Every structure is written in structure tokens, then in C-alpha cells.
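Biologist: Mind walking me through this one? I'd like to go from a single helix out to the cores, and then talk about confidence.

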Amino acid sequence: MNKILASLALILGGLIFFSFQSTEFNNYEELSIDSLRQVYAKPTTEWPKPNVDKGAVFTELGELPPSPLDLKNDSIKKVVELGKILFFDPRLSGSNQISCSSCHAPDLHWTDGRQVSIGHDHLANIRNAPTLENVWFYKKLFWDGRANSLEEQGESPIAAHNEMHQDMKVLGKKLSKIKGYKPYFIDAFGSAQVTNKRIFESLATFQRSIVSRRTPFDRFLAKDKKALSDQQLMGLHLIRTKARCINCHNGPLFTDNEFHNDGLTYYGRKYEDLGLYNVTKKPEDVGKFKTPGLRNVMKTAPWFHNGLFPDMDGVLNMYNVGMPNQRVKPEQANDPLLPKNDKLLRGLKLSNAEKDAVVSFLDALSSPTVLVRVEQLPK
């Protein structure tokens with residue numbers, strides 16, 4: 001009898017301990033800061049279970065990954081060097097006044113700080129210029145995913161009438177007349193021939209070398225457990241649990257590399273933008289845009305594909321209520337293109353203190369800008 005009672009006591013004790021552990025790991029409301037520090041001091045595989053919906057594409061958070069380029073390879077370094085010069089050369093534009101760096105400036109974390117970019121003849125684009133930091137990671141480029149590679153992406157802004165407005169038929173000939181480019185093309189490709197293909201390959205290779213720098217969050221993951229403040233640690237826990245940001249913003253670069261409708265299509269109105277649907281023509285893709293990464297997000301305002309929000313308080317307030325839902329007019333009841341917000345999108349219901357904690361954690365994803373110098377353009 002005593003052995004039976006002892007066994008029951010062990011089982012009961014184990015259940016109580018398991019219950020306590022489950023509460024400690026998954027109930028964010030009952031965790032003290034000290035408890036959070038204990039839990040998050042462990043490897044990411046032992047972190048509290050994230051609040052991930054069924055169907056979400058999820059990868060655990062991690063340290064900043066390096067560029068996939070082997071920058072110790074002399075051949076690759078020469079292509080990168082040529083690409084860097086081309087990136088900053090306004091002669092790639094029809095007016096000889098606009099370069100790729102006009103919309104992607106290194107000192108602005110490779111953005112331009114505008115709601116939408118301004119191009120040739122001061123014409124406005126329809127979308128915000130995304131950062132090029134860590135752009136090597138994305139499977140598809142542009143907010144609507146219409147390019148499958150950086151090489152493919154390069155032509156669009158150079159040729160667009162409201163961006164760089166260059167006649168693609170004359171681009172190669174135009175640059176080949178600049179004698180100073182000859183040694184760069186020889187070093188990079190073995191001959192002085194200037195072609196659009198080589199131009200785009202060089203630009204793409206240079207952009208794959210653009211990575212953000214390490215952040216307090218990376219130092220935290222690398223065992224410096226004082227790198228995050230108490231408020232930032234709470235923000236980390238919130239985005240993985242109650243706030244559910246982790247459903248779309250996950251992995252080392254805080255993006256699922258997918259497309260989602262966040263309710264900002266302006267369907268049937270002046271600023272309508274149907275996003276991915278314009279590429280695929282699939283009704284289920286109406287209003288979907290690429291998930292941006294969150295590294296240096298606090299330094300790349302304004303946000304969203306249309307640059308609608310200039311401050312993070314506005315962003316979180318919108319997410320807190322679940323983002324706008326499309327108002328259905330009677331004549332739209334059976335419209336197959338009527339936008340539907342992503343199922344992952346639900347109101348966060350965060351308190352003011354919790355929103356502040358999330359913003360504080362986003363600050364911990366910030367890093368200094370990278371100094372990029374182009375001493376002199378070829379003549």
C-alpha cells in the first residue's frame with residue numbers, strides 16, 4: 001500500500017510540475033521578467049511555444065545570416081565592385097541624373113525615406129521603396145513578387161517611365177562609350193563587352209552583398225543576456241505569443257517570405273492596388289503583398305507597400321484592431337475579386353504598455369548603417 005501511495009504521489013507531483021512548466025512556458029501573463037530571462041536564456045529550441053496558426057509558414061527566430069556570396073573569391077569580388085559602381089552611376093538613367101541609389105540610399109538603410117519614390121521628371125511611383133538589406137534572401141522581388149531574381153528585377157526600375165526612364169535598347173551602347181568602364185568589365189567578365197545581361201548580373205551580385213549589421217537581439221542570442229532590456233525582452237515574448245506577429249514575421253530575418261493581404265487594397269477607390277493579383281491573376285491573390293523583414297524596421301519609415309504609415313504607433317494601432325476590412329457594397333456581394341483579409345490577421349488586443357514593449361523590441365533589431373564609398377565614377 002505504501003508503495004502504491006508513493007507511486008501516486010510521484011505521478012501527481014509530476015503532473016503538478018508539468019502543469020507548472022506548461023503555464024510558465026506558454027502563459028505570457030503570469031511570467032515575471034526574471035522568469036522570462038530564465039526561459040529565454042535557453043537555446044531557441046527550448047523557448048516558449050510560439051502562438052502559430054495552422055497553415056502559417058514558420059521558422060524560429062535566429063541570428064543574422066551572412067550573404068551567400070563568397071566575398072573571398074576574387075572573381076566574385078570584381079563583379080561586386082562593378083555592380084557597386086553601376087548602382088551609384090546616374091548614367092544608367094535616361095536623364096543621367098537618377099541612379100539606383102536615388103531610391104536606395106545606404107545612409108537611409110537602402111531606402112529613400114519617402115512615402116513613394118520620385119523618379120524621372122519628378123513623377124511619383126505608386127509604391128514605397130523597400131530596403132535592400134538582406135535582399136538576397138527573398139524568393140520573389142518587388143512588393144507584388146513580379147520578379148523571380150535580382151537579375152530579372154533590375155530592368156524594371158531602369159526602364160520605367162516614372163523611375164529611371166532609360167531606353168533599354170541603347171543602355172549597353174551608352175555605357176560602352178565610357179572608356180573608364182572597360183577595365184571593370186574586363187576584370188569582372190573577361191572582356192570589355194558591355195551588355196544589359198552583364199549590367200544586371202553585376203547589379204544583382206552587388207545587391208546580394210548588402211546585409212544589415214548585428215543588432216542587440218543578435219548579441220542576446222549569442223549569450224549576452226543583458227543585450228535586451230526588460231521591456232525589450234517582454235516585447236520579444238509578446239511577438240511570439242499574444243501579439244502573434246511571429247505568424248508572418250519569423251525566421252532570422254523576421255519574414256516568412258510569403259504574401260499576405262493586410263487590408264490596404266483600396267479596392268474600387270482612387271488608390272487601388274491589387275498587389276500579387278496583378279501578377280498571377282488569381283482571385284485569392286487580390287491585395288497580397290510581400291512580408292517585409294523587421295530588421296532595421298524602425299529606421300525605414302514610412303511603412304507598408306504604399307508608405308501609408310509614418311510612425312510605428314499608427315502601425316500598431318491598426319494591427320491592434322485587426323486592420324481595415326473591405327466594406328461590401330450591395331453590387332459587390334458576388335464580386336470574385338472582392339479582397340479578403342488574410343486569415344492570420346486578427347486584432348492584437350495589446351495594452352499600451354504591451355505595444356510599447358513590442359516597439360522597444362523592434363528597436364533592438366536596429367543596427368548602424370553600412371558605409372559605402374564610390375570614390376569616382378568611370379569617365
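Modeller: Sure, and keep in mind that this is a predicted model. Let's begin with helix α4, residues 150-159, where Leu150, Gln153, Gly154, Pro157 and Ile158 are buried.

Biologist: Why do the buried residues of α4 line one face of the helix?

Modeller: Look down the axis of α4: its buried residues fall within an arc of 130°, so they sit along one face. The cover over those residues includes α5 (171-176) and α7 (196-208). As for the arc itself, the value is 130°.

Biologist: Which element gives the largest share of the largest nonpolar core?

Modeller: That core has 38 residues, and those with the most contacts inside it are Phe217, Phe220, Leu236 and Phe361. Two or more residues come from each of α2 (33-40), α8 (216-221), α9 (230-240), α11 (312-320) and α12 (352-363). The largest share is 5 residues, and it comes from α12.

Biologist: And how many residues does the other core have?

Modeller: It lies apart from the largest one, and its members include Leu86, Phe87, Ile178 and Phe206. The count for this core is 35 residues.

Biologist: Over which residues is the pLDDT below 50?

Modeller: For the protein, the mean pLDDT is 91, and 92% of its residues reach 70 or more. One stretch falls below 50, and beyond near neighbours in sequence it has 15 contacts in the model. Where pLDDT is low, predicted coordinates shouldn't be read in detail. The stretch you're after is residues 1-26.

Conventions: Residues are numbered from 1 along each chain as its sequence is written. This is a predicted model: local features need pLDDT of at least 70, side-chain atom pairs count only at pLDDT 80 or more; totals for chains, interfaces and linings use all residues. Side-chain values use heavy atoms; hydrogens and water are left out. A nonpolar core is a set of buried Ala, Val, Leu, Ile, Met, Phe, Trp, Tyr and Cys residues joined through side-chain atoms within 4.5 Å. Buried means under 20% relative accessible area, exposed over 50%, partly exposed in between (1.4 Å probe, protein chains only). Helices (H or I, at least four residues) and strands (E, at least two) are DSSP runs, numbered from the N terminus. pLDDT is the predictor's confidence in each residue, from 0 to 100. Contact means heavy atoms within 4.5 Å. The arc is that of the directions from the helix axis to the C-beta atoms.
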